Amino acid sequence: MSVFFKSIITLGGLGLCLGVALAFIFKKLAVAGSELEKQIKAALPGSNCGACGFPGCAVYAEKIVKENLPINKCLPGGKEVLEKLGKIMGKDLDALEHKIAALICRGGKDECRERFIYDGGTDCRQAYLMHGGNKSCVFGCVGLGHCASVCPFGAIKMNKNRQPVINDKKCTACGICVKQCPKDVLVLIPRTKLVYLACVSQDKGKAVKDVCTVGCFTCNICIRACPYNALTMKGNLPVMDFNKCTDCGICVHRCPTDSYLDRAKARPYAFISSACTGCGECVKVCQFKAIEGSPEQRHKGIIAKCIGCGECFNACPVRAITMAGALGHQTRTA
Amino acid sequence: MTTNPLLIFIAAFIVNNIILIRYLGLCPFFGVSTTLTTAFGMSTACLFVMLIATWVTWTIYHFLLLPLDLIFLRTAVFILIIATLVQFVEIFLKKNFKALYSAMGIYLPLITTNCAILAVTFLAIDYRFSLILATIFALGNALGFGLVIVLFSAIRERLEFAPLSRSFKGYPIAFIAASLVALAFLGFIGLFGLPL
């Protein structure tokens, strides 16, 4: 037999035997993964890139089924895969998709003084190892821009005040910055959320006042001011119940230290029409003295003082108040 | 050439290190040495696959290819054998040793047709090792692979923090660091070693 035929038979035979054996073994030893898992595995890109934080697509598929993990961790898959997974798992995509990263610290270079001169490497994690960074507030943002360097979408830029600024349009809420931040001052909030507390200091009043001009010093004003009881004091910080909060913005304006942030681009103001009977209900509920007028006569809203919270609108018994120029409410649904 | 098992082991482990002296298996070396955990996973998978591949290919070579006088087919046959073998091992582990499977995870199939694996099986035959010596040789190579990749992951983790210019960030500086580590390992060459 010539070498030619011998080699064809050997290699071909070997290939055939191994192929059949492998096929047989696959059938015999196949791990009974659930039908759901198989579907998810098929929907994932299969590139095993590890962006989800697991060794591969198969592992992530398994974790989705068994540990009920969120389905939005696949970055390369993007929206397409997310939609497929949403269909398979029967999950509401809106709740997942519409999130955004938010910085919950307002203490930039100007607001929060420095404890010592830091001359080391230009990475937050490195500065963090040095007594938790050189900001005098040990809870706040280090401000060296690690989040900006890890954001795969270029949605975070550092401003001159050494604070990260998050671009609403570019942010996909992938959560990478949240995970990477050594100080945990980045969180994911619902995209429709406009108002949030931007301070993480657990220190007591004076200690906060000494180091930061915009830190919350536990004065309780916002908690008393909130008409919806959405705020409760936990430790030394008010905690907001996102289900109760209506984004009215009262806390933002009542806060003596400007520790709250308002993402709304514009707020409406109250306009009182001629239907006003002068009952004075609106004056009672307004926390900003933005409505004046004598009893039994048409009241007048003061635009400069009005913050557009809408309390008077809800309180007016004759519906004489309209909220005008409500740009802020449009951005809320955008 | 020496047949002392200890010398062969040390030669494969350090002196003729598969990554730094032979320049094989560079793809996993740079690909997964970014963190310690991935480096460790890859090392275990490599150890596992290298040992089994050496056993099986050695047997196939000596009891199939040599008697049939088909030595020239060894590249094709070895790749075929190793690929099938790893597939089989993967599915076997998945079924019976779940913990081991999840520890090696994705690295097992990744190492399948790696040049380091193929090179070790070839070298074990080229050096005319017996099966026992081939096992020791494979073990040394796999541990050497693991040693270097774990050591290098420590360097990579440090490099993450290094204040570098943008053009050097990532792979460029990793290659430069690797060359320096390779130079350091070159010092062992004067000791003894297998002919390259």
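Buried residues account for 36% of the 196 residues of chain B in this predicted model. Chain B has nine helices and zero strands, and its pattern along the sequence reads α-α-α-α-α-α-α-α-α. Chain A has 334 residues, of which 32% are buried. Its secondary structure comprises 14 helices and 12 strands. The table sets out these values by chain.

| Chain | Residues | Buried | Helices and strands | Contacts at least 24 apart, among those at least 6 apart in sequence |
|---|---|---|---|---|
| Chain A | 334 residues | 32% | 14 helices, 12 strands | 60% |
| Chain B | 196 residues | 36% | nine helices, zero strands | 79% |

In chain B, then, 79% of the contacts between residues at least 6 apart in sequence join residues at least 24 apart. For chain A the corresponding share is 60%.

**Helix H1 of chain B**

Helix H1 of chain B spans residues 5–15, and its buried residues are Ile8(B), Ala11(B), Ala12(B), Phe13(B) and Val15(B). An α-helix has 3.6 residues a turn, so residues three or four places apart point the same way. Helix H8 (131–159) of chain B is included in what covers the buried residues of H1(B).

**The contact between the chains**

Chain B brings 17 residues to the contact and chain A brings 20 residues. On the side of chain B that touches chain A, helix H4 (residues 74–96) of chain B provides the largest share, 10 residues. By residue class, that side of chain B consists of 12 nonpolar, three polar and two charged residues.

**Nonpolar cores**

The largest nonpolar core has 61 residues, and the members that touch the most other members are Ile104(A), Leu197(A) and Cys251(A). Six elements of chain A each supply at least two residues of this core: strand E1 (99–103), helix H6 (124–129), strand E5 (195–197), helix H9 (205–211), strand E7 (237–240) and helix H11 (250–254). E1(A) gives the most, with four residues. The core crosses a domain assignment, drawing at least three residues from each of domain 2 (99–262) and domain 3 (269–333) of chain A.

Leaving aside residues up to four places away in sequence, Leu197(A) touches Ile104(A), Cys216(A), Leu237(A), Pro238(A), Met240(A), Ser259(A) and Tyr260(A). Another core, of 50 residues, lies apart from the largest one and has Val86(B), Leu110(B), Ile111(B) and Phe145(B) among its members. In soluble globular proteins, nonpolar side chains tend to be buried together.

**Positive phi in two loops of chain A**

Most residues other than glycine have a negative phi. Asn229(A), which is not a glycine, has a positive phi of about 50°. Asn229(A) sits in the loop between helix H10 (221–225) and strand E6 (231–234) of chain A. With 10 other C-beta atoms within 10 Å, Asn229(A) is exposed.

Asp258(A) is also a residue other than glycine with a positive phi, near 60°. The loop that holds Asp258(A) runs between H11 and strand E8 (260–262) of chain A. Asp258(A) counts as partly exposed because it has 16 C-beta neighbours inside 10 Å, and a residue is buried only at 20 or more.

Definitions and conventions. Residues are numbered from 1 along each chain as its sequence is written. Chains are lettered from A and ligands numbered from 1 in the order in which they are written. This is a predicted model: local features need pLDDT of at least 70, side-chain atom pairs count only at pLDDT 80 or more; totals for chains, interfaces and linings use all residues. Two residues are in contact if their C-beta atoms, placed from the backbone, lie within 7 Å. Ala, Val, Leu, Ile, Met, Phe, Trp, Tyr, Cys and Pro count as nonpolar, Asp, Glu, Lys and Arg as charged, and the others, Gly among them, as polar. A nonpolar core is a set of buried Ala, Val, Leu, Ile, Met, Phe, Trp, Tyr and Cys residues joined through C-beta atoms within 7 Å. Domain bounds come from an automatic or database domain assignment.
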